[in-house]
Amino acid sequence: MKNLYILLTTILFITGCSNIRNINKESQFSVEQSNLIMSADSTTPMRVLSIFNKKDSVVLRTKCEDVVADQQDILLNSLIKRMYATVNDTLNPGVGIAAPQVGILKNIIWVQRYDKPGEPFEVYLNPRIIQYTKQKLRWIEGCLSVPGMKDTTTTRSYAILLDYLRPDNSHKVEMVEGFTAIIFQHEIDHLNGVIYLDRRK
Ligand SMILES: [Zn+2]
């Protein structure tokens, strides 16, 4: 009987440990990322990192990680909402934003869809460009992380084939062209640590 009690306690202990491990493993955000995301409510814009700040520029030059699309993930939902609030901040609005610009090294972007009726903002997880047209566009670009500057890029493709997830985990492949394609190229560059100033020639 005593042996059985020890065996049961051991099993319970091991199960308990593995549960703790699973809870920790389940979060796709670090404690630092979690603290930053939850530092204010989901309608409050986050601080936009600047390429002219030494510490910020290290973050902006780092490649991001993929995220798991999970609508039950409170941190992911809050981050998505706060990024939306940031790109729509009336004091400093933009047409797109990438998660590293608010200090979170994850593959998430918001893009204003100038190619759709009503020009809505849409969020994309783990976006990738899988094809580019050879035809290029000259464009004058600006960036929330390069305040006070605008410059001409000459290496953006006219159209791109995109692969991404929506927050409901649906997988999409889509062709985008023109100004909207430039915004996508600009934001996806951010996820790879590239700033539009690198695209001047
Ligand atoms: Zn930018």
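This passage describes the fold of a predicted protein model, from its overall make-up to its sheet and two of its helices.

The predicted model has a mean pLDDT of 91, and 88% of its residues reach 70 or more. One stretch departs from this level of confidence: over residues 14–24 the pLDDT stays under 50, and the model shows 0 contacts beyond four places in sequence for these residues. Where pLDDT is low, the predicted coordinates should not be read in detail.

The secondary structure consists of 5 helices and 7 strands. Along the sequence, these elements follow the pattern α-α-α-α-β-β-β-β-β-β-β-α. Of the 201 residues in the protein, 27% are buried. Among contacts between residues at least 6 apart in sequence, 65% join residues at least 24 apart.

An open sheet is formed by 5 strands, in the order β1-β2-β3-β6-β7, with antiparallel pairing. The edges are occupied by β1 (96–98) and β7 (171–177); each has a single partner strand, so one side of each is left without a neighbour in the sheet. From one strand to the next, the twist averages 40 degrees.

Within the sheet, strand β3 (residues 121–132) pairs with strand β6 (residues 159–165) in the antiparallel sense over 5 bridges. Isoleucine 129 has leucine 162 of β6 as its bridge partner. On its way to the edge of the sheet, the description passes from β6 to β7, which pair in the antiparallel sense over 7 bridges. Here leucine 165 is bridged to histidine 171 in β7. The two strands β6 and β7 form a hairpin with 5 residues between them, and asparagine 169 in the turn has a positive phi of about 75 degrees.

Two helices that pack on the sheet are considered next. Helix α4 (residues 74–87) touches β1, β2 (108–112) and β3, and its direction makes about 40 degrees with that of β2. Helix α5 (residues 178–191) also packs on the sheet, where it touches β1, β2, β3, β6 and β7; the direction of α5 makes about 160 degrees with that of β2.

The length of α4 agrees with expectation, because its 14 residues should span 20 Å at 1.5 Å a residue and its end C-alpha atoms are 20 Å apart. The buried residues of α4 are Leu76, Leu79, Arg82, Met83, Thr86 and Val87. Seen down the axis of α4, these buried residues fall within an arc of 130 degrees, so they line one face of the helix. An α-helix has 3.6 residues a turn, so residues three or four places apart point the same way. The cover over the buried residues of α4 includes α2 (31–37), β1, β2 and β3.

Helix α5 has 14 residues and reaches 21 Å from its first C-alpha to its last, close to the 20 Å expected at 1.5 Å a residue. This helix is mostly covered, with 11 of its 14 residues buried. The buried residues of α5 include the run Thr180, Ala181, Ile182, Ile183, Phe184, Gln185, His186, Glu187 and Ile188, together with His190 and Leu191. Just after α5, glycine 193 takes a positive phi of about 75 degrees.

Technical notes: Residues numbered from 1 in each chain as written. Predicted model: local features only at pLDDT ≥ 70, side-chain atom pairs only at ≥ 80, totals over all residues. pLDDT = per-residue confidence, 0-100. Contact = placed C-beta atoms within 7 Å. Pairing = 2+ DSSP bridges. Helix = DSSP H or I, 4+ residues; strand = E, 2+ residues; numbered from the N terminus. Axes fitted to C-alpha atoms, helices over the stretch in contact; angles between N-to-C directions. Expected span 1.5 Å × (residues − 1). Buried ≥ 20, exposed ≤ 12 C-beta atoms within 10 Å, placed from the backbone. Arc of directions from axis to C-beta.
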